[in-house]
Number of protein chains: 2
Amino acid sequence: MPSLPGFRDFYPADCALRNTVFAAWRSTAQRYGFVEYDGPPLEELELYTKKSGEEIVGQLYHFVDKGERAVAMRSEMTPTLARMVAAQHRDYKKPIKWFSIPQVFRYERMQRGRLREHYQFNCDLIGEASLEADVELIALCIDTLRAFGLNEKDFVIRLSDRQFWVDFLKSKQVPEEKWYEVFQAIDKSERQPREKTTELLGALAEEVLNILEHGAASERLDIVENGLKARGLGDYVKRDFTVVRGLAYYTGVVFEAFDRSGEFRAIAGGGRYDNLLNNLGGVDLPALGFGMGDVVLTELLKQKGLLKPSTASIQAFVVIPDEAFRAEAAGVLQTLREAGIAADMPLSPAKMGKQFQSAEERGATHAIVVDAEIKNGKVAVKTLADRKQDVVELASLVAVLRS
Amino acid sequence: MPSLPGFRDFYPADCALRNTVFAAWRSTAQRYGFVEYDGPPLEELELYTKKSGEEIVGQLYHFVDKGERAVAMRSEMTPTLARMVAAQHRDYKKPIKWFSIPQVFRYERMQRGRLREHYQFNCDLIGEASLEADVELIALCIDTLRAFGLNEKDFVIRLSDRQFWVDFLKSKQVPEEKWYEVFQAIDKSERQPREKTTELLGALAEEVLNILEHGAASERLDIVENGLKARGLGDYVKRDFTVVRGLAYYTGVVFEAFDRSGEFRAIAGGGRYDNLLNNLGGVDLPALGFGMGDVVLTELLKQKGLLKPSTASIQAFVVIPDEAFRAEAAGVLQTLREAGIAADMPLSPAKMGKQFQSAEERGATHAIVVDAEIKNGKVAVKTLADRKQDVVELASLVAVLRS
């Protein structure tokens, strides 16, 4: 019986890679003064429909629980964040800088290799209207990718201004219910023939295409770009008005991270959503955030050779040449582990050669041989790389292994 | 709208405590040479009924997905482990030493404070029949609790021998379908009046009660106890034949960890289950494991004062006395963060006093004041504990903060 289609098993090598990604996410967010939160992977269905409308239900893992509640496995973190912030925002100084690494679930029609779950690094900054907050959030997105060894040749942040487009549509008297269609046409303009985009945009086509090709003035983007330059991160961004982020709730600067080669889907995306917390939780706080999934990122890092599996599970292996000294060997093992050294020993009798082989297979750097010399307080320490052997006092064993 | 009943929100302070627990679990398992794996939080329903029978369905979060599959949110890790091991055990040297920290879900009838999810540290050792494996696993359970600062006065491992009881019941010709009832009576004997236990045990009562009170010979327990003594962990265990672990699949030594005061439910429990992998996955490998939940453990650690929330989210706060130097301040901030120092600055203009207050509220040890001196390559570093201030060269700022 395999796992469900679209769900991953994490065998140790894959789990180690996953944890490497998590660790870099976590440490970068913490360097930026963001603190971690988490919420339940199961929520009331209404939390999601309230944000995204009834259409979202078709993509959710939802059911009625034994208490007759309509519930859904979380498909994104923002609704949970809005719920939590609404409940306790008075207890927290602004700006609130929070991150989370939830696993999220969507029932997508299965395509080859398409997953129904992934982990998503979510960073949100709440209660700060200044564009310095946008700079801070985009810098965090950039430095998160840099933490993996990626540089400005590997990826770029496409920067855009959703508010610019809103102002543009208002100036053209386009009714609000038509905006989504226009945003869709702009979003797809890169991947569609020009005639198709022209057709979709109708009377707006000429002017919109001109902006997409030649850009437009945006004081907001000037400020954000200058802020990133002050941090030495100017080379990581370029303006791109085709980025609108389909979701209706963005209100200001928006951005997406892409690999420069254009091989992969977006690595991350986000922006400002100043009205969303109010709509979802009734709390009027400006906010912005981004999400970065583990799947595209991991593919990119593997392609660049920046994510290498570690095969070592221990540092030291205690070798027992004679079962008569098993109890003493167990004592040595315990000493190593209590000193914080990852160590192991054979759990059943085995030939010396087999034991040394185990040590090497497990990635140990040292084998500790416990034989009759233990009665004199001594063990033999063999360096597995060069097969050199030293006899050392038990009292200095930990120091020898640490050096 | 709150979270669903029985599901926890982890606001930053709680999330930090949770992560402290995870970190200690992870590092102890790694010291023992265990490697981490993980599986999906959603599995086929059949995976659980195969192990626990149809009765388990009443306790599961289960539903039919959009692909007409009967699925369930994982209620325990062992079925996933069995599935994963069955699929790939040939690729791994034995013994397999794996751990995981899954969140698991049960629809329990709500009682005050009773949760419907928790995190469970699962450690399993597969492919080793020797009792040394039992010693290794129990030692890991003990050292995991010691890693939190708990000692032999705080908790005890109650050690028992399920195989002893099986042999006993066989010698009394008790039919196998009656065993579960007897195990239940033994399990409850501590909490029930003696007459009740006597009644439940019938003809076996006198002999069983005698064993419960005075113990019995068990070579298996002798070996395990001696093995733990060799590791200096003898004081952490005591024999207790009332421990049988209700679950039908245990086959050898079983154990449960309790706080010595007897205030809490079991902290951890496990044992040998040599037939389970064969029954579930068709792979005949001896195995043993234990589980430790986060809820009881966290309550105990809080009561003992061993789990203290950290309120510091940054080490350094960059103070901007004059907005004219914001760009330079951002450059200093970036330098600190790139050196791995958690640092922050105000995102909008604020008075000096307010900025220093933010620095203190965030737990910073140092405030870095960036003013006109930055033109000479200098910043002021204020130690917040004693309010001492030094002017330092920008080039040595990181070194100063690290010292």
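In chain B of this predicted model, start where helix 1 runs into helix 11: B:Leu17, B:Arg18 and B:Val21 on the helix 1 side meet B:Asp294, B:Leu297 and B:Thr298 on the helix 11 side. Sorted by class, that contact has three nonpolar, one polar and two charged residues. Helix 1 covers residues 12-31 and helix 11 covers residues 294-303, and their axes sit 11 Å apart at an angle of about 105°. Angles from 65 to 115 degrees count as roughly perpendicular, so that is the label for helix 1 and helix 11 of chain B.

Stay on helix 1 of chain B for a moment, since B:Arg26 lies there too. B:Arg26 has 17 other C-beta atoms within 10 Å, so it comes out as partly exposed. If you want a sense of distance, try B:Asn275: it is 249 residues away from B:Arg26 along the chain, and the two C-alpha atoms are separated by 27 Å.

Now hop over to chain A for another helix pair. Helix 2 (residues 45-52) packs against helix 3 of chain A with the axes 9 Å apart and an angle of about 105°. That makes these two helices of chain A roughly perpendicular as well. Here A:Leu47, A:Tyr48 and A:Lys51 from helix 2 meet A:Thr78, A:Pro79 and A:Arg83 from helix 3. The class count for this contact is three nonpolar, one polar and two charged residues.

Follow chain A past helix 3 and you get to a loop that leads to strand 5 (96-100), which is where A:Pro95 sits. The peptide bond from A:Lys94 to A:Pro95 is cis, with omega near -5°. Chain B has a cis peptide bond between B:Lys94 and B:Pro95, with omega about -5°. B:Pro95 is in the loop between helix 3 (78-88) and strand 5 (96-100) of chain B.

While you're checking backbone torsions, chain B has a couple of positive phi values to look at. B:Gln173 isn't a glycine, yet its phi is about 55°. Its home is the loop between helix 5 (162-171) and helix 6 (176-188) of chain B, and with 6 other C-beta atoms within 10 Å it is exposed. B:Arg387, also a residue other than glycine, has phi near 65°. You'll find B:Arg387 in the loop between strand 16 (378-383) and strand 17 (389-393) of chain B. It has 9 C-beta neighbours inside 10 Å, so it counts as exposed.

Zoom out to the domains next. Chain A is assigned domain 1 (12-39 + 74-303) and domain 2 (316-402). The centres of these two domains of chain A, taken over C-alpha atoms, are 52 Å apart.

Finally, how do the two chains relate? A turn of 180° with a shift of 0.0 Å along the axis lays chain A on chain B with an RMSD of 0.0 Å. That is what a two-fold axis does. In chain A, the C-alpha nearest the axis belongs to A:Phe63, at 3.1 Å.

As for the interface, 66 residues of chain A are in contact with 66 residues of chain B. Elements giving two or more residues to the chain A side include helix 1 (12-31), helix 4 (131-146), helix 9 (219-230) and helix 12 (326-338) of chain A. That side has 29 nonpolar, 15 polar and 22 charged residues. The copies meet through the same surface, because 100% of the interface residues of chain A are also interface residues in chain B.

Key. Residues are numbered from 1 along each chain as its sequence is written. Chains are lettered from A and ligands numbered from 1 in the order in which they are written. This is a predicted model: local features need pLDDT of at least 70, side-chain atom pairs count only at pLDDT 80 or more; totals for chains, interfaces and linings use all residues. Domain bounds come from an automatic or database domain assignment. Copies are superposed by least squares on the C-alpha atoms of residues with pLDDT of at least 70 in both. Two residues are in contact if their C-beta atoms, placed from the backbone, lie within 7 Å. Axes are lines fitted to C-alpha atoms, for helices over the stretch in contact, and angles run from 0 to 180 degrees between N-to-C directions. Helices (H or I, at least four residues) and strands (E, at least two) are DSSP runs, numbered from the N terminus. Angles under 35 degrees count as roughly parallel, over 145 as roughly antiparallel, 65 to 115 as roughly perpendicular and the rest as oblique. Ala, Val, Leu, Ile, Met, Phe, Trp, Tyr, Cys and Pro count as nonpolar, Asp, Glu, Lys and Arg as charged, and the others, Gly among them, as polar. A residue is buried if 20 or more other C-beta atoms lie within 10 Å of its own, exposed if 12 or fewer, and partly exposed in between; C-beta atoms are placed from the backbone.
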